[in-house]
Amino acid sequence: MRSERSYVAGLYTRLDAERSRVKGEYDAALRAGVGQDGGETPMERDVEVRALAREAKRLAVADNGLCFGRLDSLSGERSYIGRIGLFDEENDYEPVLLDWRAPAARAFYVATGANPENMRRRRQFHTRGRQVVDFTDEVLGRPDSGDRGDAALLAAVNAPRGDGMRDIVATIQAEQDEIIRLDHPGVLVIEGGPGTGKTVVALHRVAYLLYTQR
């Protein structure tokens, strides 16, 4: 538990540093002169400001549940899964946190005991604020272990409901993930009864498409 708390705390430190960097660059871009002494053109400045604003927004929404899981592969490699991707600039931009929409994160949602996707273990974090308070492990590669464990899903279902739509990014099920990542260029119709999560899945598909086709 201590090592996981330390790792997640390090991710938040990196997130805060990224926020500070982007804010500084955004403020500097707004103050920069346009077209003076070889400066940027108005269009170039606007493009830069908009890009920095998008990056600031991306970082702002990641605070709650930044990292919610970990995958251990059969080769011993560990991958942490979260709301956004974070990278180690000093280590050739190696990912320290995989965006849930990245292809490498797909196994977190679809691996089962019978079909482990070359993974050995899936760990689901339970967090409060920025701190890991508990985690649930699922050993993969055992045909008798059944489908994906539902401890995290049950916790999400039993959580108090608010006025807003629920975020399912940490508890997406294999069937939902199949729809979200479906390679279909045309119109996609999602059918289901009331309260089955059609709108939530559709919104996560939009987020996935924006990530993969940007």
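The following exchange examines how several features of this predicted model earn their labels.

Reader: How is the chain built along its sequence?

Author: The order of elements is α-α-β-β-β-β-α-β-β-α-α-α, with six helices and six strands.

Reader: What makes S1 and S5 paired strands?

Author: Two strands count as paired if there are at least two bridges between them. Strand S1 (residues 67–73) and strand S5 (residues 119–128) have five bridges, in the antiparallel sense; the pair therefore meets the criterion. Among the bridge partners is Arg121 of S5, which is matched with Asp72.

Reader: How do you know that S5 also pairs with S6?

Author: Strand S6 (residues 131–139) is joined to S5 by eight bridges, against a requirement of at least two, so these strands pair as well. They run antiparallel, and Phe125 stands opposite Phe135 of S6. S5 and S6 form a hairpin with two residues between them. In the turn, Gly129 has a positive phi of about 65°.

Reader: Why is the pair of Tyr7 and Tyr80 called stacked?

Author: Two conditions apply: ring centres within 6.5 Å, and planes under 30 degrees apart. The centres of Tyr7 and Tyr80 are 3.9 Å apart and their planes lie at 15°, so the pair is stacked. Tyr7 belongs to helix H1 and Tyr80 to strand S2 (residues 78–82), and 73 residues separate them, so the pair links distant parts of the chain. Together with Phe125, Tyr7 and Tyr80 form one aromatic cluster.

Reader: Why is Tyr80 described as buried, and why is Tyr7 described as partly exposed?

Author: The limit for buried is under 20% relative accessible area, and exposed means over 50%. Tyr80 has a value of 8%, and is therefore buried. Tyr7 has 29%, which falls between the two limits, so Tyr7 is partly exposed.

Reader: Why is the pair of Phe68 and Phe108 called tilted?

Author: Their ring centres are 5.8 Å apart, within the 6.5 Å limit, so the rings count as a pair. The planes meet at 55°, which is neither under 30 degrees nor over 60, and the pair is therefore tilted. Phe68 lies in strand S1 and Phe108 in helix H3 (residues 107–110), 40 residues apart. Both Phe68 and Phe108 are buried. The structure holds four aromatic pairs.

Reader: What makes Arg123 a charge over the ring of Phe135?

Author: The distance limit is 6 Å from the ring centre. The charged end of Arg123 is 3.9 Å from the centre of the Phe135 ring, over which it sits.

Reader: Which residues touch the most other members of the largest nonpolar core?

Author: They are Leu11, Leu15, Leu66, Cys67, Ile84, Leu86 and Leu97, in a core of 19 residues. Helix H1 (2–31), helix H2 (42–60) and strand S4 (94–99) each supply at least two residues. H1 gives the most, with six. Leu86 touches residues that include Leu11, Leu15, Leu66 and Leu97, when residues up to four places away in sequence are not counted.

Reader: Which residues belong to the second core?

Author: Leu98, Tyr109, Met119 and Ile180 are among the 18 residues of this separate core. Nonpolar side chains tend to be buried together in soluble globular proteins.

Reader: How much of the chain is buried, and how much area does the chain expose?

Author: Of its 214 residues, 33% are buried. The chain exposes about 13200 Å², with 51% supplied by carbon and sulfur atoms.

Definitions and conventions:
Residues are numbered from 1 along each chain as its sequence is written. This is a predicted model: local features need pLDDT of at least 70, side-chain atom pairs count only at pLDDT 80 or more; totals for chains, interfaces and linings use all residues. Side-chain values use heavy atoms; hydrogens and water are left out. Helices (H or I, at least four residues) and strands (E, at least two) are DSSP runs, numbered from the N terminus. Buried means under 20% relative accessible area, exposed over 50%, partly exposed in between (1.4 Å probe, protein chains only). Accessible areas come from the Shrake-Rupley method with a 1.4 Å probe; for residues, only the protein chains shown count as cover. A nonpolar core is a set of buried Ala, Val, Leu, Ile, Met, Phe, Trp, Tyr and Cys residues joined through side-chain atoms within 4.5 Å. Contact means heavy atoms within 4.5 Å. Rings of Phe, Tyr and Trp (its six-membered ring) pair if their centres lie within 6.5 Å; planes under 30 degrees apart count as stacked, over 60 as edge-to-face and the rest as tilted. A charge sits over a ring if NZ of Lys or CZ of Arg is within 6 Å of the ring centre and within 35 degrees of the ring normal.
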